[in-house]
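Work through the following exercises with the coordinates open, and compare your reasoning with the solution given after each task.

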Amino acid sequence: MSRLFGTNGVRGVTNEDMNAELALKLGKSIGTFFGGDIAIGTDTRTSNELLKNAAIAGLLSTGCNVFDAGMLPSPALQYYVKKSDKTAGVIITASHNPPEFNGIKVIDEDGTELGKDKEDKIEDIYFNEKWAAAKWNEIGKLHKIDATEEYINAVVGRVDADKIREKGFTVVLDCGNGAGSHVEPYIMSRLGCKVITLNSQPDGRFPGRNAEPIKENVSDLMRMVKECGADIGIAYDGDADRAIFIDERGEYIYGDKTLAIVSGYMAEKKGGVIVTPVSTSSCVEEFVRKKGGRVVYTKVGSPIVARKMIEVGATFGGEENGGLIFPEHQYCRDGGMASAAILEIMAVRGKKLSELVAEIPEYHLAKTKVKCSNEKKKEVMEAFVKNEGGNVDLTDGAKIYMENGWVLVRPSGTEPIIRIYAESKEKEMAGRLADEYKKKIEEIIAEKGYIS
């Protein structure tokens, strides 16, 4: 392995590439780089304690004091790191990946996910085994903490809670057996909502549904919202940094629509810049312009979006996968904050979620993927770009604009796949474009004899 960190931390299959030895050494590397006091927490995965304890051992061995927040959403730990005097944070999570995966994500002292420059330095320590070793009487101490209460209060305090309480919304929450189970129902309760929960018992096997809240995984939530006559349904991924919404009719709302709704609301209130990756639907830019704002595009990855937001002083930002970033709260994706914000917009504007969605320009985004080993992604992409020729946007992967839409082909930073996104005003055209470019990538892989 020549590189540890992907788009969102270090990930792998438990007890294979993501094992106790890696966690121990990575803990030692993080401790050597940062020193001081480190906060740590986990999602609900079955290997959470295994990897957490190994990482803690590594951190303590370098002389760092460790503050164990236990099981909690990633944004809750990030908020704690930001608000405290801790030098860094470590989250044991693989977010939306299947249950056999786990990962280690490093948080900088300001609560943001670590930038590539610091990841590179930690990797250098890791691979060259340049670990600090504390003397026997200077080994770090372990402390247990609660980081959820302050986070819940912060989310509730960032929205017009009184206006939301006046509406008395009925909300169905599908926490996916993930870390949101410990926090999201309480946020909704404090906002005066009637809360109905689904898959809200923590269980790292994810028996209720897969951790990723895509449409095919949340059919139970869609049905329950409709049958209960609820105002809204909300589904979270494994570490609750992303939220996906279901309207009062039981209809699935894709993340680009949610991003557009909140982006437009923020642009209308404050103007300014909205930051989002090149994979985001054109509906966001069209709606934001209508509301008086403008859009800046980045590479895919929430840490990249967050740091660009800091750089340009953005009003708001986020990704089309349901990861929304509220700069006045913190510079990271936050499912709890996204949930509260959508309720505020519904309450302030006096509209149902379906009515808010109806205001968004209609585009259709199709997604697909092709298996490709991590070692061969670069060569496949180079061949693809060469074959395309012409005007290709290389901000991230390769984005090809055409008269009837656009196609983005980019290698995943977390999995051995190449992702294909295709958008058009016409649903059928988006699907055809996605299939066409998937076939192009498959042909390149076949021609070169790359079998993933």
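**Exercise 1.** Determine whether Tyr254 is buried, partly exposed or exposed in this predicted model, and then characterise the ring pair that Tyr252 and Tyr254 form.

Solution. Tyr254 has a relative accessible area of 47%, and because the partly exposed class lies between 20% and 50%, Tyr254 counts as partly exposed. Tyr252, at 10% relative accessibility, counts as buried. The two rings lie 4.9 Å apart, centre to centre, with 70° between the planes; since planes over 60 degrees apart count as edge-to-face, the pair Tyr252 and Tyr254 is edge-to-face.

**Exercise 2.** Classify the aromatic pair of Tyr126 and Phe127, and state how accessible each residue is.

Solution. The model has 5 aromatic pairs, one of which joins Tyr126 and Phe127 in an edge-to-face arrangement, at 5.1 Å centre to centre and 85° between the planes. Tyr126 is buried, its relative accessible area being 13%, whereas Phe127, with 35%, is partly exposed.

**Exercise 3.** Describe how helix H3 (residues 74-83) packs with helix H5 (residues 148-157).

Solution. The axes are 9 Å apart and meet at an angle of about 95°, which means that H3 is roughly perpendicular to H5. On H3 the contact is made by Pro75, Ala76, Tyr79 and Lys83, and on H5 by Glu150, Tyr151 and Ala154. Sorted by class, this contact has 5 nonpolar and 2 charged residues, and no polar ones.

**Exercise 4.** Which rings lie beneath the charged ends of Lys86 and Lys425?

Solution. Lys86 lies over the face of Phe67, 4.4 Å from the ring centre, while the charged end of Lys425 sits over the ring of Tyr363, at 4.2 Å from its centre.

Conventions
Residues are numbered from 1 along each chain as its sequence is written. This is a predicted model: local features need pLDDT of at least 70, side-chain atom pairs count only at pLDDT 80 or more; totals for chains, interfaces and linings use all residues. Side-chain values use heavy atoms; hydrogens and water are left out. Axes are lines fitted to C-alpha atoms, for helices over the stretch in contact, and angles run from 0 to 180 degrees between N-to-C directions. Helices (H or I, at least four residues) and strands (E, at least two) are DSSP runs, numbered from the N terminus. Angles under 35 degrees count as roughly parallel, over 145 as roughly antiparallel, 65 to 115 as roughly perpendicular and the rest as oblique. Contact means heavy atoms within 4.5 Å. Ala, Val, Leu, Ile, Met, Phe, Trp, Tyr, Cys and Pro count as nonpolar, Asp, Glu, Lys and Arg as charged, and the others, Gly among them, as polar. Rings of Phe, Tyr and Trp (its six-membered ring) pair if their centres lie within 6.5 Å; planes under 30 degrees apart count as stacked, over 60 as edge-to-face and the rest as tilted. Buried means under 20% relative accessible area, exposed over 50%, partly exposed in between (1.4 Å probe, protein chains only). A charge sits over a ring if NZ of Lys or CZ of Arg is within 6 Å of the ring centre and within 35 degrees of the ring normal.
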